Amino acid sequence: MIVYLLILVGTLWFVFFQIKRRRMKKLASLIPGPKEELPLIGVAHYFLGNTEDIMKSLQYFSYSTMNQGGIMRGWLGHILYFLLIDPVDLEMVLKTCMEKDDLHRFIRNVIGNGGIFAPVSIWRRRRKILLPAFSPKIVETFVEVFSEQAEKLGNVLSNAAGKGQFSLWPYLSSYTLDSVCETAMGVKMGAQENPDSPFLSRMNTLLNVVCERIFHLWLQPDWVFNLFPQSTVQKDCIDVLYGFTDEVIQKKRIELRDEKNSKPEADTHYLLDDYRRKSFLDLLISLSGGERGYSNVELREEVLTLTVAGTDTSAVAIGNTLKLLAKYPKIQEKLYDEVKEVFGDSDRPLVKEDLNKLKFLERVVKESLRLFPPVPFIIRKVLTDTKLPSGNILPGGSGVVVSIWGLHRDPKYWGPDAENFDPDRFLPERYSIQNSCSFMPFSSGPRNCLGYQYALMSIKTAITGVVRKYRIIGEEETSPAPSMRVKLDIMMKAVDGYQMGLEKR
């Protein structure tokens with residue numbers, strides 16, 4: 001009797017579920033989908049492989065979307081997604097569909113509700129607190145940190161220069177971790193001197209596990225995930241990251257309390273100018289209201305989000321740019337000539353004024369970010385039926401995959417040479433995109449990346465430091481369209497770990 005009752009309840013639930021989704025399916029049927037969609041699982045079979053296979057599938061769907069008018073639908077199991085590359089449609093989506101997709105729960109489970117991944121209800125308050133912390137005046141003060149760490153990077157790389165090809169990734173991620181930890185937490189991590197940093201290795205492993213859960217449907221239910229070894233690995237990584245960050249926050253609380261108690265009452269008032277030489281952790285504590293502001297957990301969430309996002313995105317962008325310079329020696333030499341013009345034969349450290357003079361470097365970095373954006377896809381949730389400027393309707397309950405990869409390579413907006421590496425396409429007289437969303441390596445709309453200026457300064461400082469000292473050697477590209485095997489570990493990274501050689505100049 002109980003079995004029959006369970007079958008009846010299950011059947012009724014399934015029928016109700018299908019009736020409720022009837023409108024969604026009707027609207028979805030009006031938009032083209034892939035021919036290879038299968039019953040029940042949809043396009044899930046495309047994401048069965050490793051992270052390189054996953055990236056290949058997403059690239060394939062992006063190119064297919066270009067030929068389908070800028071929009072394509074696909075079912076991932078019972079979940080409906082739309083892949084978009086039309087910049088006009090995307091502008092509306094990124095302004096109106098601000099809720100992150102449910103797939104972000106896997107990274108929220110490990111990092112928390114930091115500004116990038118938080119639900120809108122939490123994000124609004126946190127964004128207001130973060131905004132002044134990323135003001136240009138404050139961010140510019142971090143150039144000194146980037147410059148110091150870039151000098152260390154150049155010195156550490158001397159041990160590998162002249163010895164053939166090697167993976168640059170450990171060096172780059174150590175540089176960005178040291179830079180981010182000093183600016184975000186006020187802590188000198190010393191990862192460049194100690195490349196086996198537990199924090200760095202656990203962070204990279206954690207991102208890989210999160211990516212596996214997002215694309216492998218069988219790992220998504222918590223009770224199933226807990227049966228797999230990845231669950232134990234994730235817990236170990238979380239323990240290391242939380243332990244380190246919590247200790248830093250506790251020490252900072254004590255330091256600020258002692259500092260306040262040692263000052264006269266008249267000197268304890270904070271003004272924005274007072275923050276200019278402080279870390280983001282100092283700023284978050286002060287701007288959120290001091291002792292009555294963010295809790296230690298909220299501080300950990302924000303600091304970890306800044307650290308994870310800042311470390312990986314910048315390291316990937318630096319690696320992609322150096323790899324492209326190795327593929328195109330003439331462009332590399334043109335950049336070196338500009339660097340020589342700014343610095344001459346001196347070995348003085350880079351200062352913020354130098355970055356404004358390196359115009360060709362700016363174009364090289366932007367073109368690298370166009371072809372190989374560190375975050376190639378953004379996923380948003382559609383809460384209610386949304387009619388796009390193109391006339392297509394996204395049904396409530398679906399998700400939107402913003403393909404920055406596809407958007408940046410669409411000949412419709414970038415011309416027939418969209419696949420080519422051409423930094424001069426960003427010359428003022430040539431750069432004439434019709435919509436601001438046509439180029440958005442750091443997203444767009446109200447939830448765009450607050451740290452994009454911070455990231456660009458770190459990226460350009462590191463590249464300058466390497467190019468000043470070394471000639472980057474790699475397999476020269478015969479085609480103007482560069483090829484690079486990439487994988488998706490939340491960020492898009494080179495499969496070979498950025499293998500290249502260096503020769504001292």
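What distance separates the end C-alpha atoms of helix 20 (residues 452-469)? They are 26 Å apart, and this agrees with the span expected for 18 residues at 1.5 Å a residue. The legends below describe views of a predicted model.

**Figure 1. Overall view of the protein chain.** The predicted model contains 20 helices and 11 strands. Its radius of gyration is 24 Å, close to the 23 Å that the globule rule gives for 505 residues, so the chain is as compact as a globular protein of that length. Along the principal axes, the C-alpha atoms occupy a box of roughly 80 × 65 × 40 Å. Buried residues make up 56% of the 505. Among contacts with a separation of 6 or more, 76% join residues 24 or more positions apart. The accessible surface is about 22900 Å², and carbon and sulfur atoms account for 57% of that area. Positive side chains number 65 and negative ones 60; the centres of the two sets are 5 Å apart.

**Figure 2. Helix 14 and its cover.** Helix 14 runs through residues 296-327. Its 32 residues should span 46 Å at 1.5 Å a residue, and the end C-alpha atoms are indeed 46 Å apart. Of these 32 residues, 30 are buried, so the helix is mostly covered, buried here meaning under 20% relative accessible area.

**Figure 3. Helix 20 and its cover.** Helix 20 comprises residues 452-469. This helix is mostly covered, with 14 of its 18 residues buried.

**Figure 4. Surroundings of Val143 in helix 8.** Val143 belongs to helix 8, which covers residues 143-157. The residue is buried, and its relative accessible area is 2%. Apart from residues up to four places away in sequence, Val143 touches Leu350, Val351, Lys352, Leu355 and Met457. Thr313 lies 170 residues from Val143 in sequence, and their C-alpha atoms are 17 Å apart in space.

**Figure 5. Surroundings of Ser179 in helix 9.** Ser179 sits in helix 9 (residues 169-184). With a relative accessibility of 0%, Ser179 counts as buried. Once neighbours within four places in sequence are set aside, the contacts of Ser179 are Val145, Phe146, Gln149 and Tyr454.

**Figure 6. Surroundings of Ser438 in a loop.** The loop that holds Ser438 lies between helix 19 (411-414) and helix 20. Ser438 is buried, at 1% relative accessibility. Leaving out residues up to four places away in sequence, Ser438 touches Pro87, Leu407, His408, Tyr413, Trp414 and Ile433.

**Figure 7. Surroundings of Lys100 in a loop.** Lys100 is placed in the loop between helix 4 (87-96) and helix 5 (105-111). The relative accessibility of Lys100 is 8%, and it counts as buried because the cut-off is under 20%. Beyond its neighbours within four places in sequence, Lys100 is in contact with Arg108, Ile116, Phe117, Ala118, Ile379, Arg380, Lys381 and Arg447. Of these partners, Arg447 is 347 residues from Lys100 in sequence, while the two C-alpha atoms are 9.8 Å apart.

Conventions
Residues numbered from 1 in each chain as written. Predicted model: local features only at pLDDT ≥ 70, side-chain atom pairs only at ≥ 80, totals over all residues. Heavy atoms only, no water. Helix = DSSP H or I, 4+ residues; strand = E, 2+ residues; numbered from the N terminus. Rg over C-alpha atoms; globule rule 2.2 N^0.38 Å. Buried < 20%, exposed > 50% of the residue type's maximum accessible area, 1.4 Å probe, protein only. Contact = heavy atoms within 4.5 Å. Areas by Shrake-Rupley, 256 points an atom, 1.4 Å probe, with all protein chains shown as cover. Lys, Arg positive; Asp, Glu negative; His and termini not counted. Charge placed at Lys NZ, Arg CZ, Asp CG, Glu CD. Expected span 1.5 Å × (residues − 1).
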